[in-house]
Amino acid sequence: MLETQPAARRSFSWRVVAVAMLLCGWGGNQFTPLLLMNRRLGGYSTLDVDAFLGAYVVGLVPGLLLAGPVSDRRGRRPVLAAGTAASAPASLVLCFGAQSAWAICACRPRRGGGSGWWRCLWRRGCSGRPGWRTR
């Protein structure tokens, strides 16, 4: 089936998704390599750093497991928008204001959940399954 949207609208839609993908990918991948720096320079113990990673995984696993079935029922776009909206504030806090272990542990599950939603839906969208552009 041919796309019936004007070229300007298709271009804008693609760019919005590309920017959101870039931000979510960056947010999901920047903070994990920084765990070693947190331990060395931030003065956190090994147990604290392990808790930071564990908090990320606590959000990541449900995000990976739930995003696919929810997007099959609700459509890809609303689920992508919800995942981005949930994880963006957590990324901002981690980037600019996470000076305490509590702030990091509170934001990491949301960041992990957003990464899980994006990874799952990107895979489904790129796999040629129906519904990516139709809803």
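User: Before anything else, how much of the protein chain counts as buried?

Analyst: Of the 135 residues in the protein chain, 33% count as buried, and please keep in mind that this is a predicted model. The accessible surface of the chain comes to about 8,600 Å², with 66% of that belonging to carbon and sulfur atoms.

User: And what's the fold made of, in helices and strands?

Analyst: The protein chain has five helices and zero strands, which read along the sequence as α-α-α-α-α. Among contacts with a separation of 6 or more, 77% are between residues 24 or more positions apart.

User: OK, which residues make up the largest nonpolar core?

Analyst: That core has nine residues in all, namely F31, L35, Y44, V49, F52, A90, L94, I104 and C107. At least two of its residues come from each of α3, α4 (76-96) and α5 (101-126). Apart from that core lies another one, of eight residues, and A20, A67, L80 and C120 are among them.

User: Going back to A90, what is it in contact with, leaving aside its neighbours in sequence?

Analyst: Once neighbours within four places in sequence are left aside, A90 is in contact with C107, R110 and R111.

User: Speaking of arginines, where does R108 sit, and which side chain of opposite charge is nearest?

Analyst: R108 is placed in helix α5, where it is buried and yet has no salt bridge. The nearest side chain of opposite charge is D50, and that one is 11 Å away. Leaving out neighbours within four places in sequence, the contacts of R108 are F31, T32, F52, A55, Y56 and L94; of these, F31, F52 and L94 also belong to the largest nonpolar core.

User: Switching to the outside, which residues make the nonpolar surface patch?

Analyst: L53, V57, V61, L65 and L66 make a nonpolar surface patch of about 420 Å². V57, one of these residues, lies in helix α3, which spans residues 46-74.

User: Why does V57 count as partly exposed?

Analyst: Its relative accessibility is 38%, and partly exposed covers the range between the buried limit of under 20% and the exposed limit of over 50%, so V57 falls in that middle class.

User: Last one: what does T84 touch, and how far is it from S115?

Analyst: T84 is found in helix α4 and touches A20, C24 and W118, not counting residues up to four places away in sequence. T84 and S115 are 31 residues apart in sequence, while their C-alpha atoms are 8.8 Å apart in space.

Terms used
Residues numbered from 1 in each chain as written. Predicted model: local features only at pLDDT ≥ 70, side-chain atom pairs only at ≥ 80, totals over all residues. Heavy atoms only, no water. Patch = residues over 30% accessible without salt bridge, like charges linked within 9 Å, V, L, I, M, F, W, Y side chains within 5 Å. Areas by Shrake-Rupley, 256 points an atom, 1.4 Å probe, with all protein chains shown as cover. Salt bridge = Lys/Arg side-chain N within 4 Å of Asp/Glu carboxyl O. Helix = DSSP H or I, 4+ residues; strand = E, 2+ residues; numbered from the N terminus. Buried < 20%, exposed > 50% of the residue type's maximum accessible area, 1.4 Å probe, protein only. Core = buried A, V, L, I, M, F, W, Y, C linked by side-chain atoms within 4.5 Å. Contact = heavy atoms within 4.5 Å. Lys, Arg positive; Asp, Glu negative; His and termini not counted.
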